[in-house]
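Got the model loaded and a cursor ready? Let's walk through it one selection at a time.

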Amino acid sequence: MQLLKAVWALAGAAICCFVIFLIHSQFLKEGQLAAGTCEIVTLDRDSSQPRRTIARQTARCACKKGQIAGTTRARPACVDARIVKTKQWCEMLPCLEGEGCNLLVNKSGWTCTQPGGRVKTTTAL
């Protein structure tokens, strides 16, 4: 009798685990991102001009409520939507550690200045 109860308990536990797995797989299907994360979809570089490289990057983000796709430490990230609405780009910490951030005059993007003087300019669409 006790063996039968143990078998039923194990069967119940297995069914519960299977149901939890099914529910989880419905929420995070293949190709979906976890909330608050981003991934780079495309990255194109054009070095045809001397001393200048133009890079275009497309990212896909699954941001939480109140967040929007942005850039943190030169990587795509979910940032506070207020930063993008007010175009205060440097508040999202877009530059690498040790680089200085400055807004472009027309607030269309920002520059990251390295200690050696090299400048990377980023414009937001």
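**The whole chain**

Start with a cartoon view: you should find two helices and seven strands in the chain. Helices (H or I, at least four residues) and strands (E, at least two) are DSSP runs, numbered from the N terminus. Follow the sequence and the order reads α-β-β-β-β-α-β-β-β.

A word on ground rules: residues are numbered from 1 along each chain as its sequence is written, and side-chain values use heavy atoms, with hydrogens and water left out. This is a predicted model, where local features need pLDDT of at least 70, side-chain atom pairs count only at pLDDT 80 or more, and totals for chains, interfaces and linings use all residues.

Now colour by pLDDT, the predictor's confidence in each residue, from 0 to 100. The chain averages 79, with 75% of its residues at 70 or more. Among the elements, select helix 1 (residues 2–27) for the lowest mean, 51, and strand 5 (residues 100–103) for the highest, 94.

Try colouring by accessibility next. Buried means under 20% relative accessible area, exposed over 50%, and partly exposed in between (1.4 Å probe, protein chains only). Of the 125 residues in the chain, 15% are buried.

**The disulfides**

Show the cysteines as sticks. A disulfide is a covalent bond between the sulfur atoms of two cysteines; here the call is made when a pair of cysteine sulfur atoms lies within 2.5 Å. The structure holds four of them. Number the bonded cysteines in sequence order and the pairing comes out as 1-2, 3-4, 5-7, 6-8.

Select Cys38 and Cys61, a disulfide with its sulfur atoms 2.0 Å apart. Cys38 sits in strand 1 and Cys61 in strand 2, so this pair ties together parts that are 23 residues apart in sequence. The torsion about the S-S bond is about 115 degrees, so the Cys38 and Cys61 link is right-handed. Both ends are partly exposed: Cys38 at 21% relative accessibility and Cys61 at 24%.

Move on to Cys63 and Cys78, bonded with their sulfur atoms 2.2 Å apart. This pair links distant parts of the chain, 15 residues apart: Cys63 is in the loop between strand 2 and strand 3, and Cys78 is in strand 4. With -90 degrees about the S-S bond, the Cys63 and Cys78 link is left-handed. Is each end buried or partly exposed? Cys63 is partly exposed at 27%, whereas Cys78 is buried at 14%.

Then pick Cys95 and Cys112, whose sulfur atoms are 2.0 Å apart in a disulfide. Here the linked parts are 17 residues apart, with Cys95 in the loop between helix 2 (81–86) and strand 5, and Cys112 in strand 6. The Cys95 and Cys112 link is left-handed, with -85 degrees about the S-S bond. Cys95 is buried at 2% relative accessibility, and Cys112 is buried at 4%.

**Two threonines**

Select Thr111 in strand 6 (residues 109–113). Thr111 counts as buried, with a relative accessible area of 13%. Contact means heavy atoms within 4.5 Å. Leaving out residues up to four places away in sequence, Thr111 touches Cys95, Gly100, Cys101, Asn102, Leu104, Val119, Lys120 and Thr121.

Now jump to Thr72 in strand 3. Thr72 is partly exposed at 27%. With the same sequence neighbours left out, up to four places away, Thr72 touches Ala77, Val79, Met92, Leu93 and Pro94. Draw a distance from the C-alpha of Thr72 to that of Glu91, 19 residues away along the chain, and you get 9.3 Å.

**The largest pocket**

Last stop: switch on a surface. Rolling a probe the size of a water molecule over the atoms shows where empty space is left. On a 1 Å grid over the protein atoms alone, a pocket is an open set of points where a 1.4 Å probe fits, with protein on both sides within 12 Å along at least five of seven lines; lining residues have an atom within 4 Å of a point.

Which residues lie nearest the centre of the largest pocket? Select Ala55, Gln57, Thr121, Thr122 and Thr123, out of 37 lining residues. Strand 2 gives the largest share of that lining, seven residues.
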